[in-house]
Amino acid sequence: MVRTESKSARNTNRSSPWKSNYVAYGLLLGSVFVLLYLMVSTQFSYSQKALLELDRATVDSAETIPAKHRRNHPRQEDVRARIEGFNREEEVAKAHTEQRRQEKQGESEQQWAQKNSIEEQSGHEMKSDNWEEKSQSEKEETVEESKQFGGGTDDYNNVADAKPICDTSFGKYDVCELAGDTRARGGSGATVTLVSPRAPPKEWEIKPYSRKYLDGLKAVTVKSVPNPENAPQCTTRLNIPAMVIELGGLTGNYWHDFTDVLVPLFIGARRFNGEVQLLVVNLLPFWVDRYKRIFGKISRHEIVDFENDDVVRCYPHVVVGYGSRKEFTIDPSLDETGGGYTMVDFTKFLRSAYSLPRHRPIKLSEVRPAGGSRRRPRMIILERTNSRKILNLAEVIAAAEAVGFKVIVAGRPRASYDVFTREMNSFDVMVGVHGAGLTNCVFLPTGAVLLQIVPYGRLEEIARTDFGNPARDMGLRYMEYSVAAEESSLMNVFGKEHPIIKDPAAVHMSGWGNVAEWYLAKQDVRINVERFKPSLLQALKQLQ
């Protein structure tokens with residue numbers, strides 16, 4: 001009895017400190033939670049205040065820009081700015097596309113040719129480039145739906161190993177590859193149908209242009225069906241591949257002609273070595289005629305006006321859509337060319353198409369005078385007549401001649417395009433202010449020099465994207481000369497204290513519209529020939 005009472009007493013004594021410990025632990029945890037809540041609340045309040053200050057600073061930095069050209073945007077680092085930037089630039093691209101389509105209506109071939117001289121505005125004045133950001137945000141949502149299978153394997157029970165029919169996961173363009181019994185029916189509701197028991201019934205609306213995000217493009221329906229009864233019956237059958245493309249969008253701007261059509265067409269069709277038929281949506285006969293040597297080299301077969309075709313054409317292989325991952329160039333690690341083709345191959349292809357004689361520029365170290373003066377390398381200076389003109393062109397010509405060049409100035413091409421390309425091929429150095437005229441560097445011999453004059457306003461990145469990187473990919477020796485504020489006509493308009501001169505970064509943040517209007521559309525340059533002379537000497541040295 002005594003032992004039992006003693007044990008009970010001990011248990012009572014032990015329970016008291018045990019309960020006390022739990023109470024202490026509870027108080028401690030409560031204190032921690034209160035402390036965390038206070039820290040989070042303080043941080044959140046500080047962050048909100050900082051964001052408001054950043055927004056206010058951004059608006060203040062743009063207030064000195066004329067009101068009719070000013071747009072109030074948050075800093076680019078903000079996630080909302082990236083989304084708003086895409087929407088804004090997409091609207092610009094749509095407006096330009098609609099304007100371009102209206103201008104083309106009722107336009108004769110002669111009028112079109114006059115509008116598309118080599119001194120046209122550059123491609124960046126007409127396009128939206130935030131498709132890559134949009135692609136990243138949509139990629140995870142679309143990748144599963146975009147890779148539907150049909151064809152490419154004989155294992156009917158393992159459809160997951162089959163080759164995708166359409167890939168729509170890339171934000172810039174879509175491409176479909178239909179291998180097998182494929183039936184193309186033209187007209188207003190054009191369709192391309194793959195008949196294959198391996199293909200689950202599926203349908204895509206594909207805009208077969210290299211910038212699918214533009215407004216005004218026409219869609220082609222791509223289908224996969226398991227039975228021939230579900231597909232249109234063949235009217236004619238050819239044992240060659242076919243390729244469905246569109247010539248809408250920004251076709252007609254010289255830089256876009258190559259960037260959006262001719263380079264992507266080479267990427268998609270060169271692997272067929274001429275044995276491919278082109279089915280073209282929005283066919284522009286006069287435009288195709290201008291580049292008839294290129295189209296004739298791409299395909300030895302009749303080009304089909306797909307919108308007005310009432311024939312069901314059957315092929316063993318059809319490609320719908322085309323594009324290039326980068327602007328005005330080919331990246332063999334990203335672009336599926338079917339042959340590892342590069343931009344050097346594209347320029348060789350052009351020289352072959354136009355029978356251009358020069359594959360290499362002059363090499364001064366190998367030139368020997370033959371009883372006379374030493375032969376001088378030929379330089380072409382591209383003359384612009386709208387914006388970004390060289391105001392002291394005569395001084396620049398004299399400076400180039402003084403260091404040893406034979407200089408030719410080119411304005412609007414007056415001869416046929418075949419003759420014009422031969423003339424471009426005859427030069428060793430091409431010089432010009434940033435603009436579509438520099439597209440003609442594709443006809444220079446490999447190893448020639450491209451010297452791009454970059455207007456004032458922090459446009460170097462744009463200049464390298466449009467022409468610098470592509471020129472290097474072509475095997476050209478690329479150089480650039482950045483115009484100083486004192487060489488820009490904008491200095492006389494605004495003065496050195498205005499944000500357009502003093503703070504180009506703020507102008508860029510205020511919106512692409514201000515950049516395009518002031519730095520591209522309303523700027524001319526007056527080159528400081530003494531400052532420019534080292535660039536001329538370096539260009540000459542590149543030819544040694």
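The chain has 16 helices and 15 strands, where helices are DSSP runs of H or I of at least four residues, strands are DSSP runs of E of at least two, and both are numbered from the N terminus. What we have here is a predicted model, in which local features need pLDDT of at least 70 and side-chain atom pairs count only at pLDDT 80 or more, while totals for chains, interfaces and linings use all residues. Residues are numbered from 1 along each chain as its sequence is written, and side-chain values use heavy atoms, with hydrogens and water left out.

Let me begin with the chain as a whole. Of its 544 residues, 50% count as buried, and I should say that buried means under 20% relative accessible area, exposed means over 50%, and partly exposed lies in between, with a 1.4 Å probe and protein chains only. If we take contacts between residues at least 6 apart in sequence, 76% of them join residues at least 24 apart, a contact being heavy atoms within 4.5 Å.

Now to the helices, and to a first pair. Helix α9, residues 393-403, packs with helix α16, residues 529-541, at an angle of about 40°, and their axes are 10 Å apart; the axes are lines fitted to C-alpha atoms, for helices over the stretch in contact, and the angles run from 0 to 180 degrees between N-to-C directions. The two helices α9 and α16 are therefore oblique to each other, since angles under 35 degrees count as roughly parallel, over 145 as roughly antiparallel, 65 to 115 as roughly perpendicular, and the rest as oblique. On the α9 side the residues that meet α16 are Glu 395, Val 396, Ala 399, Ala 400 and Val 403, and on the α16 side they are Val 529, Phe 532, Lys 533, Leu 536, Leu 537 and Leu 540. Sorted by class, this contact of α9 with α16 has nine nonpolar, no polar and two charged residues, where Ala, Val, Leu, Ile, Met, Phe, Trp, Tyr, Cys and Pro count as nonpolar, Asp, Glu, Lys and Arg as charged, and the others, Gly among them, as polar.

Ala 398 also belongs to helix α9, and with a relative accessible area of 44% Ala 398 is partly exposed. Although Ala 398 and Val 529 are 131 residues apart in sequence, their C-alpha atoms are 9.3 Å apart in space.

A second pair of helices can be set beside that one. Here α5 and helix α8, residues 343-353, pack at an angle of about 90° with their axes 11 Å apart, and α5 and α8 are therefore roughly perpendicular to each other. Phe 258, Leu 262, Val 263 and Phe 266 come from α5, and they meet Met 343, Asp 345, Phe 346, Phe 349 and Leu 350 from α8. In this contact of α5 with α8 there are eight nonpolar residues, no polar ones and one charged.

From the helices I turn to two residues in strands. Arg 183 sits in strand β2, residues 175-185, and is this arginine buried or exposed? At a relative accessible area of 5%, Arg 183 is buried. The side chain of Arg 183 is joined to that of Asp 181 by a polar contact of 2.9 Å, a polar contact being a pair of N or O atoms within 3.5 Å, of which, within protein, one must be able to donate a hydrogen and the other to accept it, with residues adjacent in sequence counting only if both atoms are side-chain atoms. The same side chain of Arg 183 also reaches the backbone oxygen of Pro 232, at 3.0 Å. Not counting residues up to four places away in sequence, Arg 183 touches a list of residues that includes Thr 191, Val 195, Pro 228, Gln 233 and Cys 314.

The other is His 317, found in strand β10, residues 312-320, which counts as buried at 19% relative accessibility. Its side chain makes a polar contact of 2.7 Å with the side chain of Glu 177, and, leaving aside neighbours within four places in sequence, the residues in contact with His 317 include Leu 178, Gly 180, Ile 240 and Phe 272.

I close with the loops. Most residues other than glycine have a negative phi. Asn 273, in the loop between α5 and β8, has a positive phi near 55°. Arg 458 likewise has a positive phi of about 55° although it is not a glycine; Arg 458 lies in the loop between β14 and α11, and is exposed, with a relative accessible area of 53%.
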